[in-house]
Amino acid sequence: MAERIQDIAHPLDAVALRRLFPAPPRLLALGEPTHGEDALLDVRNDLFRQLVEQHGYRTIAIESDCLMGLVVDDYVTSGTGTLDEVVARGFSHPWGPSAANRELVRWMRAYNEDRPADERVRFAGFDGPLEITGAASPRQALTALHGHLLSAGVDPVLLPCTAQTLDRLLGADDRWTEPEAMTDPARSVGRSAEAGELRTIAHDLVSLLDEQTPHLLAAASRESWDRARLYARTATGLLSYHYWMADTSPARMNRLLGVRDRMMARNLLALADRGPAFVHAHNSHLQRERSTMRMWQGPVEWWSAGALVSARLGGEYAFVATALGTIRHQGVDTPPPDSVEGLLYALPENPCVIGAGRLAEALGDPRPAPRVSPWFGYASLDPAHLDTTDGVVFVKDMPHP
């Protein structure tokens, strides 16, 4: 078996990655099995540079706050701010301001110097302004959407409320970001009377944004309109997320995780409309299979962003999962030789890429059982998912940070 796998595995580069697909996908998604490892982000950065320089890709989208990502995009496209400021303010999640993300931003800004707008590379976060421990106030998205409609000359009489009414209904932001609300629905404001009014207002603002599209495109740039649509998606998504944070039914966590990935999927579909994009996030957000997780109240499951996007784009969405050998500083040692990771660990190429269908054929039937992860932060490759995966990237060892 090892010889057969060695015959179909190739050193990883953009050419080998692209050969996995009969036609270039609109969204090429590379997953990772854990967060916070710069070695995996270095692989991502190398592939993105090659996809830009050799294959015409112009956008990278990562698992980070979509509104914070605008700070990064403004910097790489126009030089707004400084590298230090952008790395500090442009990424969400604890692993965001990493050395590898800093290098990505630095390279993108250098690449864009003196290039015309249509040749510049773009950055996007495609996650919502939330994490599994809580969610942001909808203030930024709602007020930006409301302000865009006014600044573009939409008759104020058409708007469902004034800016002052929005501010009154939103109240203090710490009401929305209450840290105890994730485990205690009673601490959430998501089903308060004010939140209900805001959901109605958000719906009306989004409707007005659609109805006024010809005027808005004539009054401002397509870029400005796209950004307003991002604010619209984020406002409605956040209000829905807060609504389910206040829920007390057994469906609560399933719905919260589903809403988050729906927000991700809508952001990815919007990016696909503007041209080919390279996407990077956890495997569980990009896979076509139903995602699962065990939380404090038991197992939960939901359809990932990748599954939702794949249902819409079909073959124009591609998903390549990353597997790895060791994270010794987290107790993840050399994989068992009879696991998929163990078989790939024995290969000389590092990193390497292999077609998922050909790997499944080489493994035969029955396939090996999934590797048991000794650390909750690492999700091993499930061989049963190979049928709905386009390829597998394998990286042997994560260096000690």
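Reader: Is Cys 352 buried or exposed?
Author: This is a predicted model. Buried means under 20% relative accessible area. Cys 352 has a relative accessible area of 0%, so the word for Cys 352 is buried.

Reader: What is the relative accessible area of Cys 161?
Author: The cut-off for buried is under 20%. Cys 161 is buried by that rule. Its relative accessible area is 12%.

Reader: How many disulfides does the count give?
Author: A disulfide needs a pair of cysteine sulfur atoms within 2.5 Å. By this rule the count comes to 0.

Reader: How many residues of α13 are buried?
Author: Helix α13 covers residues 252-272, 21 residues in total. From first C-alpha to last it reaches 30 Å, close to the 30 Å expected. The helix is largely enclosed by the rest of the structure, because the buried residues number 16 of the 21.

Reader: What span does α3 reach from its first C-alpha to its last?
Author: Helix α3 holds 18 residues, 38-55. At 1.5 Å a residue, 26 Å is expected. The model comes close to that, with a reach of 24 Å.

Reader: Which residue just after α3 takes a positive phi?
Author: Helix α3 ends at residue 55. Just after the helix, phi turns positive, at about 80°. The residue is Gly 56.

Reader: How many residues does the largest nonpolar core have, and which helix gives the largest share?
Author: This core has 44 residues. Among those with the most contacts inside it are Leu 28, Phe 48 and Phe 278. The largest share is 7 residues, and it comes from α3. Buried residues of that helix include Leu 47, Phe 48 and Leu 51.

Reader: Which residues of α3 does Phe 278 touch?
Author: Helix α3 spans residues 38-55. Leaving out residues up to four places away in sequence, the partners of Phe 278 include Leu 28, Leu 30 and Tyr 57. Those from the helix are Arg 44, Leu 47, Phe 48 and Leu 51.

Reader: In which strand is the place of Thr 326?
Author: Thr 326 is buried, with a relative accessible area of 1%. Beyond its neighbours within four places in sequence, its contacts include Val 332, Tyr 345 and Met 398. Its place is in residues 317-326, strand β10.

Reader: What distance separates the C-alpha atoms of Thr 326 and Arg 233?
Author: Along the chain, Thr 326 and Arg 233 are 93 residues apart. In space, their C-alpha atoms are separated by 39 Å.

Key:
Residues numbered from 1 in each chain as written. Predicted model: local features only at pLDDT ≥ 70, side-chain atom pairs only at ≥ 80, totals over all residues. Heavy atoms only, no water. Helix = DSSP H or I, 4+ residues; strand = E, 2+ residues; numbered from the N terminus. Expected span 1.5 Å × (residues − 1). Buried < 20%, exposed > 50% of the residue type's maximum accessible area, 1.4 Å probe, protein only. Contact = heavy atoms within 4.5 Å. Core = buried A, V, L, I, M, F, W, Y, C linked by side-chain atoms within 4.5 Å.
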